[in-house]
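Work through these exercises with the model open beside you. Try each task before you read its solution.

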Amino acid sequence: MASSASIPSSSQPEPPKVHASILSIKDFAESKGDSSPIPSTYHSISGLHEEDDVAEELAASIPVIDFSHLTSHHPQIHAKAVHLIGKACAEWGVFMLTNHGIPENLVEKLMKKSGEFHDLAVEEKKEFGDKGPFEPIRHGTSFCPEVEKVHYWRDYLKATTFPQFNFPHKPPGFREVAYEYSEKIRGLARKLLEGISESLGLASNSIIESTEFDSSHQLFVVNLYPPCPQPHLALGMPSHSDTGLLTLLTQNGIGGLQVKHHAKWVNVNPLPNCLTVLLADHLQVVSNGRYERVLHRAILNNVGTRISVVLANGPALDKEVGPLAELLENEKPLFKTIKYKDYFQFQQKSRLDDKSGLDQIRLN
Ligand SMILES: O=C(O)CCC(=O)C(=O)O
Ligand SMILES: [Fe+2]
């Protein structure tokens, strides 16, 4: 059994250069117009420079998993899907999910309502102003402006949608659509975790039980990235990984997500009506490093508003999570065990970068 850990409170000393007046980058961008230079506080430290090689040729190699094969009662079809999901997790940490059963018109409604939410006047969203990681509904801009050295060109809505469903009551109809979508995504995530457990040679319920997935934490994030007059100077979100187990993402047809693969950035160009699945930190933890979280970021454009709806499915907040006991019968733990709540809080209050909480719980 791995030892239990706590994450020391973050010590990130440099004073942030907060552009305090910006409560919504969407409103700011609209007020300034298409051609005015962006504030220097949005100039990304890493920028999009030479180390940020984009491997165009790899975009078409991102694995595709047919969900209907994973749920097939035909043993050979199921076994092949399990093999492919294991390969996708081991080689990429990201895959596109087709035939997932979420109706196209539900996703269309979700995108429409997501846009309407961000279109509400700042005054109308004030009640949701981000007051910390455990507030059930949070609206804000950038990632965590209080601790950042640079800010990010995005506005967000974050809501905890499981085990309790929390969501804004405006615009009308958004909450209902979000409820239906979040339930469906949880069902998909559960099935995917079963397949992933099997791909590790374990019982299908192994990850679900060890993370108490049936009372797990689900974070529903609606990102909006307005067109940016200088898209190469800023980022929508910098390189990071997500805290949970599996993140399922959909977008409004405008690209911007990139994943890091063998030190190169690869554009994610989703197939029609597919979901993008990203492996998050806790999948690396439970699999004891067999499957690694994927670093990803959101880049910007100067043409159209991008919306992404991102559902991060984690373990239960109160669950102490470490490498799966079955795996430790034959190998040493690579990570300490930590309560998911502590890990989540650490990430949400930190600067977003490649290091993440994993480095805090890694065992040598
Ligand atoms: O907008 C995207 O494509 C990425 C968003 C993301 O990584 C996140 O919300 O954690
Ligand atoms: Fe992310």
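**Exercise 1.** Which residues are the protein donors of the iron ion (ligand 2)?

*Solution.* Start with the ground rules. This is a predicted model, where local features need pLDDT of at least 70, side-chain atom pairs count only at pLDDT 80 or more, and totals for chains, interfaces and linings use all residues. Residues are numbered from 1 along each chain as its sequence is written, chains are lettered from A and ligands numbered from 1 in the order in which they are written, and side-chain values use heavy atoms, with hydrogens and water left out.

Now look for donors (N, O and S atoms within 2.8 Å of the metal, or 3.2 Å for Na, K and Ca). They are His240 through NE2, Asp242 through OD and His296 through NE2. Their distances from the iron ion run from 2.1 to 2.2 Å. Next, read the spacing in sequence: H-x1-D-x53-H. Asp242 sits in the loop between E7 and strand E8 (246-251), while His296 belongs to strand E12 (residues 296-298). This pair is 54 residues apart and links distant parts of the chain. Strands here are DSSP runs of at least two residues, helices (H or I) of at least four, numbered from the N terminus.

**Exercise 2.** List the polar side-chain partners of ligand 1, then describe its surroundings.

*Solution.* First, find N or O pairs within 3.5 Å, the cut-off for a polar contact. Arg306 has a side-chain N or O atom 2.8 Å from an oxygen atom of ligand 1. For Asn223, the distance from a polar side-chain atom to a ligand oxygen is 3.0 Å. For Asp242, a side-chain N or O atom lies 3.3 Å from an oxygen of ligand 1.

Second, check the burial. Ligand 1 alone exposes 290 Å², and the protein buries 96% of that (Shrake-Rupley method, 1.4 Å probe).

Third, map the shell, using heavy atoms within 4 Å. Strands E6 (218-225), E7 (237-240) and E13 (306-313) each give two or more residues. E13 has the largest share, with three residues. Sort the shell by class: five nonpolar, four polar and two charged residues. Among its members are Tyr225, Met237, Leu249 and Val310.

**Exercise 3.** Where are the cis peptide bonds before Pro163 and Pro171?

*Solution.* Take the bonds in turn. From Phe162 to Pro163, omega is near 0°. From Lys170 to Pro171, omega is near -5°. Now place them. Pro163 is in the loop between strand E5 (155-162) and helix H6 (174-199). Pro171 also lies in the loop between E5 and H6.

Conventions. Polar contact = N/O pair within 3.5 Å; in protein donor to acceptor, adjacent residues only side chain to side chain. Nonpolar A, V, L, I, M, F, W, Y, C, P; charged D, E, K, R; others polar.
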